[in-house]
Amino acid sequence: MNGTERDERGRYLKGVSGNPAGRPRGSKNRPVLSPSQWVTKHWKRAYSEALITHGNAEAALFELAALYAQHHPLTTPPGLCPACHRPLKLTSTSLYDCAVIAAPAVLTHARCEPIFTQGRLVEAASALRKILELAG
Ligand SMILES: [Zn+2]
């Protein structure tokens, strides 16, 4: 900044944009898509950004895998554990059978949670590898 864009109180002068690279006047806003609506080009762009952020392909992939899993809901019927497919006992106090929240709005048995969480991540990473055309 050269100091002539703002007034003495720090406000931008009339006609000066604080974001010169922003949306041109009169052009339409692009809708912000949820990751559940993303297609290949969106996942590829997000992967490129994650690669820059992490500098590591595996870390970038697993960050996106968490996002992918969050936005691709389970098909397990409510009341069943998505890891072992046995009924959830919501009133159980046993550490083995009680239900825990394994992901937003996802219940599993307490003992199934680590397997479920890891499995979801591995599945999502595998789906993303196909989308991103990565080996592995
Ligand atoms: Zn289970």
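A: Let's start with how helix packing is described: a helix axis is a line fitted to the C-alpha atoms over the stretch in contact, and the angle between two axes runs from 0 to 180 degrees between N-to-C directions. Please keep in mind that the model we are reading is predicted.

Q: Thanks! At what angle do helix 1 and helix 2 pack, and how far apart are their axes?

A: Their angle is about 130°, and the axes lie 8 Å apart. Angles of 65 to 115 degrees count as roughly perpendicular and those over 145 as roughly antiparallel, so helix 1 and helix 2 are oblique to each other. The crossing of this pair is right-handed.

Q: Which residues make the contact?

A: A contact here means C-beta atoms within 7 Å of each other. Helix 1 brings Trp43, Ala46, Tyr47, Ala50, Leu51 and His54, while helix 2 contributes Ala57, Ala59, Ala60, Glu63 and Leu64. Sorted by class, these residues are nine nonpolar, one polar and one charged.

Q: How should I read the packing of helix 2 and helix 3?

A: Take the angle and the distance together again. The two helices meet at about 105°, with 8 Å between their axes. Helix 2 and helix 3 are therefore roughly perpendicular to each other. On the helix 2 side, the contact uses Leu61, Phe62, Leu64, Ala65, Ala66, Tyr68 and Ala69; facing them from helix 3 are Arg120, Leu121, Ala124, Ala125, Ala127 and Leu128. The classes here come to 12 nonpolar, no polar and one charged.

Q: And what is the geometry of helix 1 with helix 3?

A: That pair packs at about 105°, and the axes are 9 Å apart. Helix 1 is therefore roughly perpendicular to helix 3. Thr40, Trp43, Lys44 and Tyr47 of helix 1 meet Leu128, Ile131 and Leu132 of helix 3. By class, five are nonpolar, one is polar and one is charged. Trp43 and Tyr47 of helix 1 thus turn up in this contact and in the one with helix 2.

Q: How far does helix 1 reach from its first C-alpha to its last?

A: The idea is to compare the end-to-end span with a rise of 1.5 Å a residue. Helix 1 covers residues 40–54, which is 15 residues, and reaches 21 Å, close to the 21 Å expected. Just after helix 1, glycine 55 takes a positive phi of about 60°.

Q: Which sign does phi usually have in residues other than glycine?

A: Most residues other than glycine have a negative phi. That makes two residues here worth a look. Histidine 85 has a positive phi, near 65°, and is found in the loop between helix 2 (57–70) and strand 1 (99–103). Glutamate 133 also has a positive phi, near 55°, and lies in the segment after helix 3 (113–132).

Q: Are these two places buried or exposed?

A: The test counts other C-beta atoms within 10 Å, and 12 or fewer makes a residue exposed. Histidine 85 has 10 such neighbours, so it counts as exposed. Glutamate 133 has 8, so it is exposed too.

Q: Where does proline 87 lie, and what is it in contact with?

A: Proline 87 sits in the loop between helix 2 and strand 1. With 12 C-beta neighbours inside 10 Å, proline 87 counts as exposed. Setting aside neighbours within four places in sequence, proline 87 is in contact with Gly79 and Leu80. The C-alpha atoms of proline 87 and aspartate 97 are separated by 9.3 Å, and these residues are 10 apart along the chain.

Q: How should I read isoleucine 101 in the same way?

A: Go from place to exposure to contacts. Isoleucine 101 is in strand 1. Its 10 C-beta neighbours inside 10 Å mean that isoleucine 101 counts as exposed. Beyond four places in sequence, isoleucine 101 is in contact with Val106 and Leu107. Glutamate 63 lies 38 residues from isoleucine 101 in sequence and 20 Å away in space, C-alpha to C-alpha.

Note on methods. Residues are numbered from 1 along each chain as its sequence is written. This is a predicted model: local features need pLDDT of at least 70, side-chain atom pairs count only at pLDDT 80 or more; totals for chains, interfaces and linings use all residues. Helices (H or I, at least four residues) and strands (E, at least two) are DSSP runs, numbered from the N terminus. The expected span of a helix is 1.5 Å times one less than its number of residues. A residue is buried if 20 or more other C-beta atoms lie within 10 Å of its own, exposed if 12 or fewer, and partly exposed in between; C-beta atoms are placed from the backbone. Angles under 35 degrees count as roughly parallel, over 145 as roughly antiparallel, 65 to 115 as roughly perpendicular and the rest as oblique. A crossing is left-handed if the near helix is turned anticlockwise from the far one by less than a right angle, and right-handed if clockwise. Two residues are in contact if their C-beta atoms, placed from the backbone, lie within 7 Å. Ala, Val, Leu, Ile, Met, Phe, Trp, Tyr, Cys and Pro count as nonpolar, Asp, Glu, Lys and Arg as charged, and the others, Gly among them, as polar.
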